[in-house]
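Open the model in your viewer and keep the selection tool at hand. We will go from stop to stop, selecting as we go.

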Amino acid sequence: MSEPTCQLYLISPLDVGGAFPERLARAIDAAPGLVTAFQFRVKDVDQHEAAALAEPLLEICRARDVAFIVNDSVSLAKRLGADGVHLGQSDGDPKDAREQLGRDAQIGVTCHASRHLALEAGDAGADYVAFGAFFPSDTKHTEHRAELALLEWWHEMVEIPSVAIGGITPANCRPLVEAGADFLAVSGAIWSGDEVATVKAFAEQIATS
């Protein structure tokens, strides 16, 4: 079976304790090959606690060949031996992250709805750029709204992969896939309900786009 042209990039909920590791494993296993990255995103915990929460999730991802990306913190990514880091516009320079994490690290940058920011990120060595929000999101307050034309332009003009983010569900994802998004970053759609059914619904939509 060939891998889908667009894949899922799961973003954790803020609460990753309790039964969350089992939910993550089920979500990844629901459609083998569809989920290729997982972003660990927690707030208001110190690095020691964050590392303890991350360890079982990192093991789940490693066992399934899913890239484990840490949100915001280069130091936590380095401590964990994570596969990479995702940087917001105020989280530091991709070049500095590369120096600290090594040439094989996956470094992503939030670029909102801006070609300029995305091109700058690419010049700084980012491995992927994230555009959004494409739809209203309950997971994170968003000031920026991206248009499909931005994905289309990026797909045609630049080889660096793009991630679409913001309120994405199985019901609204097809235009993003058709516009050329390489990855769909999803959080609320997965974790607010049945993660297995939702991943399978994404797989169905992506396969028929």
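Start on one face of helix 9: select Glu 204 and Ala 207, which are exposed on the other side of helix 9 from its buried residues. Bear in mind throughout that this is a predicted model.

Now select the whole of helix 9, residues 195-207. The helix has 13 residues. From its first C-alpha to its last it reaches 18 Å, close to the 18 Å expected at 1.5 Å a residue.

Which residues of helix 9 are buried? Pick Glu 195, Thr 198, Val 199, Phe 202 and Ile 206. They sit on the same side of helix 9, because they cover an arc of only 100° around the axis. The spacing behind such a pattern is general: an α-helix has 3.6 residues a turn, so residues three or four places apart point the same way.

What covers these buried residues? Show strand 1 (7-11) and helix 1 (20-29), which are among the covering elements. Then add helix 7 (174-179), strand 8 (183-186) and helix 8 (188-191), which are also included in the cover.

Next, move to a helix pair. Select helix 5, residues 115-123, and helix 6, residues 148-157. Their axes are 11 Å apart and pack at an angle of about 35°. Is the crossing right-handed or left-handed? The crossing of helix 5 and helix 6 is right-handed.

Show side chains at this contact. From helix 5, take Arg 115, Ala 118 and Leu 119. They meet Leu 150, Trp 153 and Trp 154 of helix 6. The residues of this contact divide into 5 nonpolar, no polar and 1 charged.

Step back along the chain from helix 6 to Glu 147. This residue is in the loop between strand 6 (128-132) and helix 6. Is Glu 147 buried or exposed? Glu 147 is exposed, because its relative accessible area is 53% and the cut-off for exposed is over 50%. Add Ala 133 and draw a C-alpha to C-alpha distance: Glu 147 and Ala 133 are 8.7 Å apart in space and 14 residues apart in sequence.

The last stop is Leu 58, in helix 2 (residues 47-63). Leu 58 counts as buried, because its relative accessibility is 4% and buried means under 20%. Select what Leu 58 touches: Phe 68 and Leu 80, not counting residues up to four places away in sequence. Finally, draw a line from Leu 58 to Val 163. The two are 105 residues apart in sequence and 21 Å apart in space, C-alpha to C-alpha.

Notes: Residues are numbered from 1 along each chain as its sequence is written. This is a predicted model: local features need pLDDT of at least 70, side-chain atom pairs count only at pLDDT 80 or more; totals for chains, interfaces and linings use all residues. Side-chain values use heavy atoms; hydrogens and water are left out. Helices (H or I, at least four residues) and strands (E, at least two) are DSSP runs, numbered from the N terminus. Buried means under 20% relative accessible area, exposed over 50%, partly exposed in between (1.4 Å probe, protein chains only). Axes are lines fitted to C-alpha atoms, for helices over the stretch in contact, and angles run from 0 to 180 degrees between N-to-C directions. A crossing is left-handed if the near helix is turned anticlockwise from the far one by less than a right angle, and right-handed if clockwise. Contact means heavy atoms within 4.5 Å. Ala, Val, Leu, Ile, Met, Phe, Trp, Tyr, Cys and Pro count as nonpolar, Asp, Glu, Lys and Arg as charged, and the others, Gly among them, as polar. The expected span of a helix is 1.5 Å times one less than its number of residues. The arc is that of the directions from the helix axis to the C-beta atoms.
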